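User: Please take a close look at the protein surface that meets the DNA in this model, and set it in the context of how the protein chains are arranged.

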There are 2 protein chains.
Amino acid sequence: MWLTINLNSETAIYTQIRNQIIEGIIAGSIKENDSLPSVRQLAADLGVNLHTVNKAYNLLKQEGFITIHRQKGAVINPAENYRADQDYLVKLSKELRPVIAESLCRGMTRTDFIEAIDIIYNEFKSLKKEAKNNG
Amino acid sequence: MWLTINLNSETAIYTQIRNQIIEGIIAGSIKENDSLPSVRQLAADLGVNLHTVNKAYNLLKQEGFITIHRQKGAVINPAENYRADQDYLVKLSKELRPVIAESLCRGMTRTDFIEAIDIIYNEFKSLKKEAKNNG
DNA sequence: TAACTGTTATACTACATATATAACACATAT
DNA sequence: ATATGTGTTATATATGTAGTATAACAGTTA
């Protein structure tokens, strides 16, 4: 399993799991209609409680990324199910506003900020290439 | 006082206070060497406990934005005290990564994302103009 | 029928947030 | 000198979230 968690991180374990599955989708290491491990399996692999994984899966379900079937487990939805809509744009804006505010306060220009996000975009591009070569 | 808090928000009150003071700095409604209200005064104005405000102030102090003097109260530092350094860039990157990941997953391109941040940059530009006219 | 799935329920620990009081230490204006 | 206002420290309490530990339930499938 490509998924790893950091117990010392400030980020909640269930959030780390959620985030890494989303990264897995954009990297291409998991695709539409792929199944995720069962909550018990993934919990055992990560050394955490089943409820922690369950919480991550339910969050992903609520956000539209997966559908949970009894027996088939959690399955990645087609991309149409979670396209950016107005609600998401509002949520995104609320997340970004304090981040941009702090960067401005610390003297970063818009150009500096875009430089910072481009590093991240390039990392994701590399992940995608990597997954393509391995899959 | 230009500061308002939302008790129903998911964001902790002390975080809301911190964020709005940072926005106040970039808007220009508070400037270098300006004093913030005392913890008791601001707590009374906002209808919250003194410790909640104190927590916000100590966070701002730890981040370099203000210096807390006994008697003089909390004073905005000169910008040199909180310029973006390497540690901050690492923190920024860690904040942005999952946000960008989700936006990519939801089909947003880099261009779409920059469009979203530009709306925020324009809001801050308006705030700055507004504060200039009033101050 | 047995095994595996998500789900629900209960109980517990630990930590973060927020409040409520009270007292302390320091500076300053009266 | 004394009263006032400042940040600071110390308790105590309530609430919510995160995480764990068990156990049982309800479907599906081999």
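Analyst: In this predicted model, 42 residues of chain A are in contact with 42 residues of chain B, where contact means heavy atoms within 4.5 Å. Between them, chain A and chain B bury about 4100 Å², with 66% of it on carbon and sulfur atoms; buried area is the accessible area (1.4 Å probe) that two parts lose on being put together, summed over both. On the side of chain A, the residues that lose the most area to chain B are A:R97, A:R106 and A:Y121, which together make up 19% of what that side buries.

A turn of 180° with a shift of 0.0 Å along the axis lays chain A on chain B with an RMSD of 0.0 Å, the copies being superposed by least squares on the C-alpha atoms of residues with pLDDT of at least 70 in both. That is the relation of a two-fold axis. The same surface serves both copies, since 100% of the contact residues of chain A recur in chain B.

Turning to the DNA, 22 residues surround DNA strand C, and the closest are A:H51, A:R70, B:I13, B:H51 and B:T52; a residue is near a strand if one of its heavy atoms lies within 4 Å of it. Of the atoms of DNA strand C that come within 4 Å of the protein, 55% belong to sugar and phosphate. At least two residues of this surface come from each of α2 (39-46), α3 (50-62) and β1 (66-69) of chain A and from each of α1 (13-27) and α3 (50-62) of chain B, helices (H or I, at least four residues) and strands (E, at least two) being DSSP runs numbered from the N terminus. By type, the residues near DNA strand C are six nonpolar, eleven polar and five charged.

Several side chains approach the bases through an N or O atom, within the 3.5 Å cut-off for a pair of N or O atoms in a polar contact. The side chain of A:R70 places such an atom 2.6 Å from a base nitrogen of DNA strand C, while for B:R40 the distance to a base nitrogen is 3.3 Å. The side chain of B:H51 has an N or O atom 3.3 Å from a base oxygen of the strand.

Residues are numbered from 1 along each chain as its sequence is written, and chains are lettered from A and ligands numbered from 1 in the order in which they are written. Local features need pLDDT of at least 70, side-chain atom pairs count only at pLDDT 80 or more, and totals for chains, interfaces and linings use all residues, while side-chain values use heavy atoms, with hydrogens and water left out.

Key
A polar contact is a pair of N or O atoms within 3.5 Å; within protein, one must be able to donate a hydrogen and the other to accept it, and residues adjacent in sequence count only if both atoms are side-chain atoms. Ala, Val, Leu, Ile, Met, Phe, Trp, Tyr, Cys and Pro count as nonpolar, Asp, Glu, Lys and Arg as charged, and the others, Gly among them, as polar.
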